[in-house]
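Please open the structure in your viewer and keep the selection tool at hand, since this tour goes from one selection to the next and says what is there each time.

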Amino acid sequence: MEQKFPIKKVSLICAKGSIEDVYASLIMANGAVMEGIETNLFFTFFGMDAITKSRMDKLHTGVVGNPALRLPGGMRMPSLLGIIPGMEAFTSWMMKGQMEKLDIPPVSEFLDLITAGGGKIYACKTAVDMFKLKKEDLSDHVCGILTIGEFYEHAGGEGSQIIFT
Amino acid sequence: MAQKTYAGVTVDVNEEGYFTNSSQWTKEIAVEIAKEEGIVLTGQHYAIMEFLRNRFTSGDPLSIRSINHSGVIDVKTFYQLFPGAPLKKATKIAGIPKPASCV
């Protein structure tokens, strides 16, 4: 479909660290790269886990206070069940298995795909300072630690959009 | 259904120009479609297109991730071979439907 004002650049912000929050950002970023759209992906606050080497492939999904979470078969999962030890790990394992079936890769491999296509991964300066992270703690995919001002500089241009997932 | 003529052969395509019958495709036709996309085909292009066609024929999903596991080329090279929107361009030139996957 030909658009009069096509999207030429997207800058995505990922501020949360659960599987579903991080993958929303990753799928949108990778999809943009695949469409030939210039792509920036900026991680901040709890989203930092997705670009922290020791944590990026061990993300979990929250099982307490998530009213949309369902048990296999479709019944709502009561929040009280979520406090059972191992429930969060089990649910996260199930989520990852379902995604693998759809050929959705682990976080580190997803970042490989995005950067191979020219997508840029950035970390937030404030979050790096707040969580006392060092450059070497972060994944090699990260090409810079930006202040919010620098982020806006990178995000500018005709046909560009900022998306907060 | 729309039709297009490439290299003297009339083929069935959809409104976006993707083949609706992949058996009508030949390497000569691919050269012509590639020209429309501004691409000059090389051995590497044909090798990855053959991989994509085989995957399509066997009913496997066409994802960007599968390229890395193809053993033919890596994703970075894929982006260089088909600049812009590689999976869309590659499938169009390879005479198979546009991938329905989000990854």
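The stops below begin with the sheet of chain A, pass to the contact between the chains, and end in chain B. Please keep in mind throughout that this is a predicted model.

**Stop 1: the sheet of chain A**

Show chain A as a cartoon and look for its strands, five of which form an open sheet in the order β4-β3-β2-β1-β5, with parallel pairing. If you follow the sheet to its edges, you arrive at β4 and at β5 (160–164) of chain A, each of which pairs on one side only. Averaged over the sheet and with direction ignored, neighbouring strands are turned by 25° against each other.

Now select residues 120–124 of chain A, which are strand β3, together with residues 142–146 of chain A, which are strand β4; these two run parallel and are joined by four bridges. To see one place where the strands face each other, select Ala123(A), which stands opposite Ile145(A) in β4(A). Then add residues 125–130 of chain A, helix α5, and you have the right-handed β-α-β unit that β3(A), α5(A) and β4(A) make.

**Stop 2: a covered helix and the loop before it**

Select residues 107–116 of chain A, which are helix α4. Is this helix mostly covered or mostly uncovered? Seven of the 10 residues of α4(A) are buried, so that the helix is mostly covered. The buried ones are Val107(A), Phe110(A), Leu111(A), Asp112(A), Leu113(A), Ile114(A) and Thr115(A).

What do these buried residues pack against? Within chain A they pack against α1, β2 (38–43) and β3, and in chain B they pack against α3 (64–68) and α4 (75–81). After α4(A) comes Gly118(A), whose phi is positive, near 100°.

On the other side of the helix, select Asp103(A), which is found in the loop between α3 (87–101) and α4 of chain A. Asp103(A) is not a glycine, although its phi is positive, about 65°. Asp103(A) counts as partly exposed because it has 17 C-beta neighbours inside 10 Å, where 20 or more would make a residue buried and 12 or fewer would make it exposed.

**Stop 3: where chain A touches chain B**

Colour the two chains differently and look at the contact between them, which takes 13 residues from chain A and 16 residues from chain B. On the side of chain A that touches chain B, α1 (19–34) and α4 (107–116) of chain A each supply at least two residues. The largest share of that side, four residues, comes from α1(A). Sorted by class, the side of chain A that touches chain B has six nonpolar, five polar and two charged residues.

**Stop 4: two crossing helices in chain B**

Select residues 43–57 of chain B, helix α2, and residues 86–93 of chain B, helix α5; they pack at an angle of about 85°, with their axes 10 Å apart. The two helices, α2(B) and α5(B), are therefore roughly perpendicular to each other. Show the side chains of Ile48(B), Met49(B) and Leu52(B) in α2(B), which meet Ala90(B), Thr91(B) and Ile93(B) in α5(B). By class, this contact of α2(B) with α5(B) has five nonpolar, one polar and no charged residues.

Next select Ile39(B), whose place is in the loop between α1 (27–36) and α2 of chain B. Ile39(B) counts as partly exposed, because it has 19 C-beta neighbours inside 10 Å. Leaving aside its neighbours within four places in sequence, Ile39(B) is in contact with Ala34(B) and Phe82(B). If you draw a distance from Ile39(B) to Pro83(B), the C-alpha atoms are separated by 8.7 Å, although the two residues are 44 residues apart along the chain.

**Stop 5: the hairpin of chain B**

Finally, select residues 2–6 of chain B, strand β1, and residues 9–13 of chain B, strand β2, which pair in the antiparallel sense over five bridges. One pair to look at is Tyr6(B) and its bridge partner in β2(B), Val9(B). This hairpin of β1(B) and β2(B) has two residues between the strands, and in it Ala7(B) takes a positive phi near 50°. Ala7(B) is not a glycine, and it counts as partly exposed because 13 C-beta neighbours lie inside 10 Å.

Notes. Residues numbered from 1 in each chain as written. Chains lettered and ligands numbered in written order. Predicted model: local features only at pLDDT ≥ 70, side-chain atom pairs only at ≥ 80, totals over all residues. Contact = placed C-beta atoms within 7 Å. Nonpolar A, V, L, I, M, F, W, Y, C, P; charged D, E, K, R; others polar. Pairing = 2+ DSSP bridges. Right-handed = clockwise from strand over helix to strand, strands pointing away. Axes fitted to C-alpha atoms, helices over the stretch in contact; angles between N-to-C directions. Parallel < 35°, antiparallel > 145°, perpendicular 65-115°, else oblique.
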